[in-house]
Amino acid sequence: MNAKKPDMAKRKRPDQNFDYMFKLLIIGNSSVGKTSFLFRYADDSFTSAFVSTVGIDFKVKTDTAGQERYRTITTAYYRGAMGFILMYDITNEESFNAVQDWSTQIKTYSWDNAQVILVGNKCDMEEERVISADRGKHLAEQLGFEFFETSAKDNINVKQTFERLVDIICDKMSESLETDPAIAAGKQNTRLKETPPPQQPTCGC
């Protein structure tokens with residue numbers, strides 16, 4: 001299983017902790033830097049000592065990760081996810097080649113309107129780069145995703161990636177409210193049934 005699940009609060013108000021809570025997943029091959037990326041965002045910390053992880057680590061931002069043999073376990077975590085950070089390692093051709101497969105899994109198991117950002121991680125390792133930024137951008141365009149290159153180690157575009165994903169989700173929610181009177185009237189729409197209602201976050205992996 002290769003996914004990390006950060007629960008994101010957005011647009012805080014003084015009288016409550018949050019207005020919306022979004023379930024986001026970080027997915028990709030093992031060792032592309034998902035755990036480091038999440039820890040950089042959640043704790044503003046970095047360590048290269050992580051081992052391949054699987055299961056749920058209770059943090060403010062959730063984290064499920066693991067190796068390819070656990071991949072089928074993640075299908076349950078796809079349900080209800082409103083956004084994905086699909087990550088590859090710019091120094092690892094295999095992880096880049098796997099992006100298409102991960103994209104297919106998102107389309108197969110997630111909500112129809114789930115938003116995705118493609119991330120080429122470890123851009124601090126320029127001397128070991130095998131995937132050019134242009135190749136990453138081109139693939140993102142083919143898949144219809146936005147694209148960032150990031151570095152958890154040097155804290156490059158980590159916060160920006162999360163914030164952009166949340167902004168895209170909010171924009172999509174606004175479009176749905178404007179174009180579907182049933183949603184605006186507070187009626188449940190079939191396509192939105194998998195979207196979890198706002199609630200107090202109780203755990204983070």
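What share of the contacts with a separation of 6 or more in the chain comes from residues 24 or more positions apart? Such residues account for 73% of those contacts. The model is predicted. The chain has 205 residues, and buried residues make up 48% of them. It holds 7 helices and 6 strands.

**Overall layout**

- From the N terminus, the elements run β-β-β-α-α-β-α-α-β-α-β-α-α.
- Strand β3 covers residues 20-27, and a loop links β3 to α1.
- Helix α1 takes in residues 34-43.
- Strand β5 spans residues 115-121.
- Strand β6 (146-149) and helix α6 (158-179) are joined by a loop.

**Confidence**

- The average pLDDT of the chain is 75, and 63% of the residues score at least 70.
- Over residues 8-15 the pLDDT is below 50, and this stretch has 22 contacts in the model beyond near neighbours in sequence.
- Residues 183-205 also have a pLDDT below 50, with 49 contacts in the model beyond near neighbours in sequence.
- Where pLDDT is low, the predicted coordinates should not be read in detail.

**The loop before α1**

- Ser31 sits in the loop between β3 and α1.
- Ser31 counts as exposed because its relative accessibility is 52%, and the cut-off for exposed is over 50%.
- The phi of Ser31 is near 70 degrees, a positive value in a residue other than glycine.

**Helix α1 and Lys34**

- Helix α1 is mostly covered, with 7 of its 10 residues buried.
- The buried residues of α1 are Lys34, Thr35, Ser36, Phe37, Leu38, Phe39 and Arg40.
- Lys34 belongs to helix α1.
- At 4% relative accessibility, Lys34 is under the 20% cut-off, so Lys34 counts as buried.
- The Lys34 side chain reaches two backbone oxygens: that of Gly28 at 3.2 Å and that of Asn29 at 2.8 Å.
- Just after α1, Asp44 has a positive phi of about 55 degrees.

**Asn121 in strand β5**

- Asn121 is placed in strand β5.
- Is Asn121 buried or exposed? Asn121 is buried, because its relative accessible area is 1% and buried means under 20%.
- The side chain of Asn121 reaches the backbone oxygen of Val32 at 3.0 Å.
- Beyond neighbours within four places in sequence, Asn121 touches Val32, Gly33, Phe37, Met87, Tyr88, Asp89, Ile90, Thr150, Ser151 and Ala152.
- Among these partners, Phe37 is one of the buried residues of α1.

**The loop between β6 and α6**

- Ser151 lies in this loop, and so does Asn155.
- Ser151 is buried, with a relative accessible area of 0%.
- Asn155 counts as partly exposed, because its relative accessibility is 39% and the partly exposed range lies between 20% and 50%.
- The phi of Asn155 is near 55 degrees, again positive in a residue other than glycine.
- The side chain of Ser151 reaches the backbone nitrogen of Lys153 at 3.4 Å.
- Which residues does Ser151 contact, leaving aside neighbours within four places in sequence? They are Asn121, Lys122, Cys123, Asp124, Ile156 and Val158.
- Asp89 and Ser151 are 62 residues apart along the chain, and their C-alpha atoms are separated by 9.9 Å.

**Helix α6**

- Helix α6 has 22 residues, which at 1.5 Å a residue should span 32 Å.
- The end C-alpha atoms of α6 are 32 Å apart, so the expected span agrees with the model.
- The buried residues of α6 are Val158, Thr161, Phe162, Leu165, Val166, Ile168, Ile169, Cys170 and Ser176.
- An α-helix has 3.6 residues a turn, so residues three or four places apart point the same way.

**How α1 meets α6**

- Two packed helices are described by the angle between their axes and the distance between the axes.
- The axes of α1 and α6 come within 9 Å and cross at roughly 85 degrees.
- Helix α1 is therefore roughly perpendicular to α6, since angles of 65 to 115 degrees count as such.
- On the α1 side, the contact is made by Phe37, Leu38, Arg40 and Tyr41.
- On the α6 side, Val158, Lys159, Thr161 and Phe162 take part.
- Val158, one of these residues, is also in contact with Ser151.

Notes: Residues are numbered from 1 along each chain as its sequence is written. This is a predicted model: local features need pLDDT of at least 70, side-chain atom pairs count only at pLDDT 80 or more; totals for chains, interfaces and linings use all residues. Side-chain values use heavy atoms; hydrogens and water are left out. Helices (H or I, at least four residues) and strands (E, at least two) are DSSP runs, numbered from the N terminus. Buried means under 20% relative accessible area, exposed over 50%, partly exposed in between (1.4 Å probe, protein chains only). Contact means heavy atoms within 4.5 Å. A polar contact is a pair of N or O atoms within 3.5 Å; within protein, one must be able to donate a hydrogen and the other to accept it, and residues adjacent in sequence count only if both atoms are side-chain atoms. pLDDT is the predictor's confidence in each residue, from 0 to 100. The expected span of a helix is 1.5 Å times one less than its number of residues. Axes are lines fitted to C-alpha atoms, for helices over the stretch in contact, and angles run from 0 to 180 degrees between N-to-C directions. Angles under 35 degrees count as roughly parallel, over 145 as roughly antiparallel, 65 to 115 as roughly perpendicular and the rest as oblique.
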